[in-house]
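Here are some exercises to work through with the model open beside you. Try each task before you read its solution.

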Amino acid sequence: YGCHPILTQNQPLHLGNSSTSPCMNFIRWSDYDVVNVQMLNLSVNQIAWVTTGLVLATSITGATAVYLLADYIPFMQAMSITGRIAVALLAGAILVARSPSSAIAIVNELRAKGPFTQTVLGVTVIMDVVVILLFAFNSEIADALLTNLRVNIGFVVLLLIEISISLTLGFLLGKLLQFILSRHLNSAFKAGIVLLSGYAIFLLSTALRHYSHANWPFEVLLEPLLICMIGSFVVINWTPYRDEMLKILHDIGPAIYIAFFTLTGASLALDILAQTWPIALALFIIRLLAIFIGSFVGGAMAGEPVGNNAISWMAYVTQAGVGLGLAKEVAVEFPEFGAAFATIIISVIVLNQIVGPPLFKWVIDRVGEAHPRGETAEFDGVRDALIFGVDDQALAVARQLAAHNWQVKLACLNEANLPKTGRGDVQICPLPQISREALDQLDAGYTDAVVLMLTDEENYQIGEMFFENYGTDSIVVRLNDRTNFARFHELGALIVDPGTAIVSLLDQFVRSPSAASLLLGLEEGQQVIDVEVCASDLHGMPLRDLRLPLDTLILSVRRNNYAIVSHGYTRLELGDKVTVVGAPDSLEEVMLKFTA
């Protein structure tokens with residue numbers, strides 16, 4: 001089911017991620033990064049022109065190429081001219097498909113943002129809808145050509161009737177799903193009914209086609225993907241069950257994906273591929289050329305800079321879910337040549353998926369809209385902390401860290417805020433402005449932990465600079481407005497909300513007083529620290545073979561920002577963050593051993 005929310009002014013836009021099931025023809029749109037519609041409106045012109053250019057160039061060029069290569073494609077050699085045109089139309093529509101999931105994964109990985117990224121996201125999502133409509137239209141024409149139905153006014157009327165029936169069934173399916181979701185039923189039972197409803201649409205389409213072929217002078221070919229997309233559009237936009245629908249699809253998604261990709265791989269006929277791989281390679285290259293022409297012409301019509309137009313094609317190469325699903329649908333709807341057709345198209349999609357993501361990454365970086373985590377400097381043997389803010393809490397945190405042998409600096413943006421008294425031995429450094437140069441003067445690249453205690457906007461600017469330029473692992477934020485929680489969470493920051501911190505602390509003292517006391521340093525002679533494994537001789541060593549002081553204990557191990565269940569046979573790796581509890585002197589010995 002494809003879930004597209006209606007866009008309104010100043011409403012967040014949730015873009016989509018699609019994947020298609022071969023038997024139930026599902027498209028699932030999951031929430032992507034929230035894009036402000038007001039920003040998106042600024043690039044509507046670019047999105048419209050680029051989408052138009054890509055659709056026209058890719059579909060026309062792809063269909064023409066398949067038709068001209070027909071003499072070299074085994075299953076097309078014996079076909080009539082009308083049969084070749086039918087196959088070419090189907091291929092041209094599928095070659096238009098994109099992969100929103102791959103595009104969004106790369107955007108999230110690089111934390112890409114900017115006008116170019118906005119345009120790419122808008123084009124990618126709209127193309128996912130356009131390709132289904134285009135395929136529905138082209139498959140109707142292909143079916144007419146293959147069944148020798150005359151293309152005249154009667155055919156056009158039949159085509160409009162079929163599209164109207166698909167839209168009507170989609171609306172009715174949406175109302176059916178609304179009724180199902182409104183019932184007080186078990187979630188698993190609801191998920192099963194949702195799956196059955198999608199499967200029923202597939203069966204209805206197939207049964208109606210076979211019945212009309214046997215009893216009527218024409219075939220009625222409904223498009224299951226279009227029906228499901230309209231149905232979910234109704235549920236997402238015109239019912240209060242958006243969240244429940246998305247949760248059901250999220251829960252059943254893995255099972256659908258396993259079945260889908262298993263069947264897709266099983267349908268790849270290696271004997272046919274051995275004969276047609278040059279055709280697949282040729283179509284891959286032709287598609288790249290068509291994408292370049294479409295994106296360049298569309299960007300030029302929209303007034304985009306020539307430099308961007310020359311490289312923007314790299315962002316539209318990826319293909320996956322929808323393209324694979326449409327190829328499988330052709331195999332089902334046209335069994336005479338469907339398997340061989342699907343083998344060629346799937347081969348082209350695989351090539352696009354291999355080449356597309358690296359090209360997309362490169363072009364995002366080239367236009368300067370990539371904001372990935374920076375490289376973390378190696379531990380220099382000294383634990384450094386940088387605190388932004390000079391209020392009483394900041395001074396208290398600085399003294400507490402200094403008491404545990406941390407080298408602490410406080411950064412002050414406004415000298416008028418400097419405390420007149422009570423500085424003690426705390427080092428306070430002026431910060432003239434929030435910039436990379438100013439942070440470099442504070443030796444930010446060697447900082448092991450950053451504590452942000454300014455306004456939320458200032459905290460975010462500083463935290464983002466540390467994330468992108470220095471790759472600092474420990475970014476601690478004192479939150480002022482809870483609505484900004486998501487922004488800091490994307491940076492991987494450790495967020496302290498003063499409004500709920502006391503409640504959480506009291507809760508921990510009630511449920512686990514010993515653990516809370518340890519973490520707060522209230523247990524006499526006991527502390528808890530995190531230490532990174534930097535010593536190469538510890539790489540691959542199981543915890544049971546470590547020779548640590550007897551009054552220390554390893555509590556947990558974090559690897560690649562994920563906590564792993566540690567036991568005696570857990571092997572350490574360089575870069576692991578190990579949490580250790582013990583006496584202060586013994587913990588110093590552990591730090592020396594891990595960071596030697």
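**Exercise 1.** Find how many bridges join strand 6 to strand 7, and work out which way the two strands run.

*Solution.* Start with the ranges: strand 6 covers residues 449–452 and strand 7 covers residues 474–478. Strands here are DSSP runs (E, at least two residues), helices are runs of H or I with at least four, and both are numbered from the N terminus. The two strands run parallel and are joined by 4 bridges; two strands pair if DSSP finds at least two bridges between them. For one example, take Leu452, whose bridge partner in strand 7 is Val477.

This is a predicted model, where local features need pLDDT of at least 70 and side-chain atom pairs count only at pLDDT 80 or more, while totals for chains, interfaces and linings use all residues. Residues are numbered from 1 along each chain as its sequence is written, and side-chain values use heavy atoms, with hydrogens and water left out.

**Exercise 2.** Now place that pair in its sheet: what is the strand order, and which strands stand at the edges?

*Solution.* The sheet is open, has 6 strands with parallel pairing, and reads 5-4-3-6-7-8. Strand 5 (427–430) and strand 8 (494–496) are the edges; each has a single partner strand, so one side of each is left without a neighbour in the sheet. From one strand to the next, the twist averages 20°. Then add helix 14 (residues 392–403), which packs on the sheet and touches strand 3 (384–388), strand 4 (407–412), strand 5 and strand 7. Its direction makes about 165° with that of strand 4; axes are lines fitted to C-alpha atoms, for helices over the stretch in contact, and angles run from 0 to 180 degrees between N-to-C directions.

**Exercise 3.** Describe how helix 5 packs with helix 6: what are the angle and the axis distance, and which residues make the contact?

*Solution.* Helix 5 (residues 115–146) and helix 6 (residues 153–182) pack at about 135°, with axes 11 Å apart. That makes helix 5 oblique to helix 6 (under 35 degrees is roughly parallel, over 145 roughly antiparallel, 65 to 115 roughly perpendicular, the rest oblique). Next, list the contact residues (heavy atoms within 4.5 Å): helix 5 brings Ala136, Phe137, Glu140, Ile141 and Ala144, and helix 6 brings Phe155, Leu159, Glu162 and Ile163. Sorted by type, they come out as 7 nonpolar, no polar and 2 charged (Ala, Val, Leu, Ile, Met, Phe, Trp, Tyr, Cys and Pro count as nonpolar, Asp, Glu, Lys and Arg as charged, and the others, Gly among them, as polar).

**Exercise 4.** Build the sheet that contains strand 10: which strands pair with strand 10, and in what order do the strands lie?

*Solution.* Strand 10 (residues 552–559) runs antiparallel to strand 12 (residues 577–582), with 6 bridges. Along that pairing, Thr552 stands opposite Gly582 and Leu553 has Val581 as its bridge partner. Strand 11 (residues 562–564) also pairs with strand 10 in the antiparallel sense, over 3 bridges, with Val557 matched to Ile564. Strands 10 and 11 form a hairpin with 2 residues between them, and Asn560 in the turn has a positive phi of about 55°. The open sheet of 4 strands therefore reads 9-12-10-11. Its edge strands are strand 9 (527–532) and strand 11, each pairing on one side only.
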